[in-house]
Amino acid sequence: MPKTVLTVDDSPSIRRMIAMTLQEAGYSVIEAVDGKDGLDKALSNPVDAIITDQNMPNLDGLGFIRALRQHPQGKGVPIVVLSTDSAEDLKAQAREAGALGWMVKPFTQDKLLAVIKKVAG
């Protein structure tokens with residue numbers, strides 16, 4: 001049974017690149033277009049890990065993480081933030097909200113896979 005990763009990003013090209021990278025490595029991928037869509041999908045599908053952007057319409061990455069952690073099914077899921085933003089205070093807020101890690105865009109496929117293997121297995 002392949003591990004399922006939810007990718008939450010308002011950029012179709014980023015979502016496609018993440019999905020292709022993970023699918024080639026044998027993961028199943030669910031795509032969401034923003035934090036609100038991501039929350040709906042995370043709560044209605046069992047996922048093994050989540051990659052979320054920070055800056056998105058409707059609900060940003062931090063808001064998404066905080067909202068997801070309020071639900072029982074969002075408690076233990078590893079979340080990695082993938083963002084162009086690398087401000088230390090944002091990273092600290094993300095950790096407090098429940099993110100496991102932070103990756104800065106642009107990312108390499110190898111780095112993305114290494115992080116997902118570490119958090120999702």
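This passage walks through the overall fold, the surface and one helix of a predicted model.

Starting with the big picture, the protein has five helices and five strands. Along the sequence they run in the order β-α-β-α-β-α-β-α-β-α. The radius of gyration comes out at 13 Å, close to the 14 Å given by the globule rule for 121 residues, so the protein is as compact as a globular protein of that length. Laid along the principal axes, the C-alpha atoms fill a box of roughly 30 × 30 × 25 Å.

As for the inside, buried residues account for 50% of the 121 residues. Take the contacts between residues at least 6 apart in sequence: 62% of these join residues at least 24 apart.

On the outside, the accessible surface adds up to about 6000 Å², with 53% of that belonging to carbon and sulfur atoms. Charged side chains number 14 positive and 15 negative, and the centres of the two sets sit 5 Å apart.

Helix α2, covering residues 35–44, is worth a closer look. Its buried residues are Gly35, Asp37, Gly38, Leu39 and Ala42. These pack against three strands, namely β1 (4–8), β2 (28–32) and β3 (49–52), and also against helix α3 (61–69). At the start of α2, aspartate 34 comes into play: one of its side-chain oxygens reaches to within 3.0 Å of the backbone nitrogen of lysine 36.

Technical notes
Residues numbered from 1 in each chain as written. Predicted model: local features only at pLDDT ≥ 70, side-chain atom pairs only at ≥ 80, totals over all residues. Heavy atoms only, no water. Helix = DSSP H or I, 4+ residues; strand = E, 2+ residues; numbered from the N terminus. Rg over C-alpha atoms; globule rule 2.2 N^0.38 Å. Buried < 20%, exposed > 50% of the residue type's maximum accessible area, 1.4 Å probe, protein only. Contact = heavy atoms within 4.5 Å. Areas by Shrake-Rupley, 256 points an atom, 1.4 Å probe, with all protein chains shown as cover. Lys, Arg positive; Asp, Glu negative; His and termini not counted. Charge placed at Lys NZ, Arg CZ, Asp CG, Glu CD. Polar contact = N/O pair within 3.5 Å; in protein donor to acceptor, adjacent residues only side chain to side chain.
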